[in-house]
Amino acid sequence: MPARVLATQEMKIASEDDVVLVRRAVRSLAERRGFDSFASAALTTAVTELGRNIWIHARHGAAIIEELEDGPRPGVRVEFKDQGPGIPDINWAMAGGNSTASSLGLGLSGTKRLVDDFQIQSEVGRGTSVRITKWKRF
Amino acid sequence: MQSGMIPILKVGGILLASIQTELNDTSAQAFQQDVLKAIERTRSRGLVIDITGLDMVDTFVARILTDSGRMAKLMGTETVLVGMRPEVAATLVRMGFSMQGVHTALNVDEGMALLATLRSSRDGE
Amino acid sequence: MTSPLEYMNRLGFTEQELSSRRTYFQLVDEDLARLSALRPFAERHNDAIVDAFYQELLLKHSESRLFFTDQATLQRAMAAQKRYFLELFSGVCDLAYLENRLRVGTTHQRIGVAPKWYLGAYAHYLRLISARLLAEQGYSAETQEKLRSIQKIIFFDMSIAIETYIAAGLDALARHQAAIRELSTPVIQLYERVLLLPLIGTIDTARAMQVMEKVLVRVAERQAKVIVLDIAGVPVVDTRVANHLLQTTEAVRLLGASTVLTGISPQVAQTMVQLGVDLSKMHTRASLEEGLELALSLTGRVIRAKEG
């Protein structure tokens, strides 16, 4: 059976303060569902990285926060959507460049390591969607 | 957030900056400005940045911290980062962010001691 | 101990879930009304049914009777059982009813009563009450409807009991796993501000992460300046394991402490160099003994033989 969605919350991202609000919402959700401090820090950081990407590259987007349950296991899924410029070469972006110029790349590949599931879709001129999921560890 | 949000104290010749609140990009950048101005003003040879109060450090803040250390060094000041929390350290290394070139110590006291060691070994050159 | 309310949250027993489950079990308001109307009937026969249930089944079976070792336990169980079965006819099936039923599953898991026992019990009870209903009210369309309502609520209850039993079991499993993790990562305080972690067994990614986290927490807790990681007991040290160790060392450095890696055999040294793993930033020593000496010296101490 696929995971159940217990609750959904959509938050806009149009400023850096919005990113902070999204991060706080995700953190409090993770803590409420009993995530340990390491998992919570990883998730919160991932959310901040992805939220910032929207703010910096697309200026406007949304974060959809879902509270999940897979049997007895709680999880958090966040989808970051924007209608920004899109990423021309996702593989290159994910390869994690070391240069400070490719801050977007570093954010994505590093973020992927912080979560259990990472899905990204992007089309130049249309926008980008990044969906991350993290489950509580037992 | 405007500058002056993070207090920077002079403690016996060393600058001590204690970051207690969560940082957003703007406040992080303001912090960097404040630190460099304080170094210029006080001519301190050492800077301790205490991040015991930070429960999250993302790549932007991490870069600000490491860059601040490099900038301070150019101005003749050694920097030590102290009090990083376990979950922050774990997250940074998992992301592959290495924070190379930054001195670290467990707490403010150790940070001060390390600065003294660095100063004496440098002065001996 | 987890409270029924916590289980309700964890198992997602919300109004929405309750409604969905009732629909699936086809337990509608008419059924509840019928059950409520049957309450006097249930009360009339309850004691006799539960007594028969124990005499014919629970106390006769060679295994199940072992649950009832003394009179006090037996009396308590029977009283609880009577209350339980009467509740089936309360005419109510809301979250409070659910919370009540949750206790059954959690209690069974806690005292070690496997599902087969209470599933068999439900079956037996259903048989007994059906027989009495038919005997009293005859075999009519109406009686059939009443029987169906009784069946529905009993099966509904079974689904709750089983799920909470499973959840309680998973809880116990999680606690055991946590205990195993604790035991397999024993961080020892060797001396003031010097920690030792002898790693034994294979290190996969999951364990490596758990080791790193435990190390960091302990270093922060004790404000340790040095941690000695001994890998003599790790059978395979390949690039992945080496990278995990590097990561842990870097994380420890971020906290402001240093790591000494010991127990490096010639084979491991060969492998590391051949694989191009850069351990130049780590302190390393072949034996634990040398590692300890280094760790102590890093904290300003030296081991000296006594005079004379």
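**A sheet in chain A and a contact between B and C**

Student: Which residue of β3(A) does Ile64(A) stand opposite?

Tutor: This is a predicted model, where local features need pLDDT of at least 70, side-chain atom pairs count only at pLDDT 80 or more, and totals for chains, interfaces and linings use all residues. Residues are numbered from 1 along each chain as written, with chains lettered from A and ligands numbered from 1 in written order. Strands are DSSP runs (E, at least two residues), helices are H or I runs of at least four, and both are numbered from the N terminus. Across from Ile64(A) in β3(A) you'll find Glu79(A).

Student: How many bridges join β2 to β3 in chain A?

Tutor: Two strands pair if DSSP finds at least two bridges between them. Here β2 (residues 61-70) and β3 (residues 73-82) of chain A run antiparallel, and the bridges joining them number 10.

Student: Which strands stand at the edges of the chain A sheet?

Tutor: It's an open sheet of five strands with antiparallel pairing, in the order β1-β2-β3-β5-β4. An edge strand has a single partner, so one side is left without a neighbour in the sheet; in chain A those are β1 (4-13) and β4 (117-123).

Student: Which element gives the most to the side of chain C that touches chain B?

Tutor: Residues are in contact if their C-beta atoms, placed from the backbone, lie within 7 Å. The contact takes 14 residues from chain C and 14 from chain B. On chain C's side, α9 (205-222) and α10 (239-255) are the elements giving two or more residues. With six residues, the top giver is α10(C).

Note on methods
Contact = placed C-beta atoms within 7 Å.
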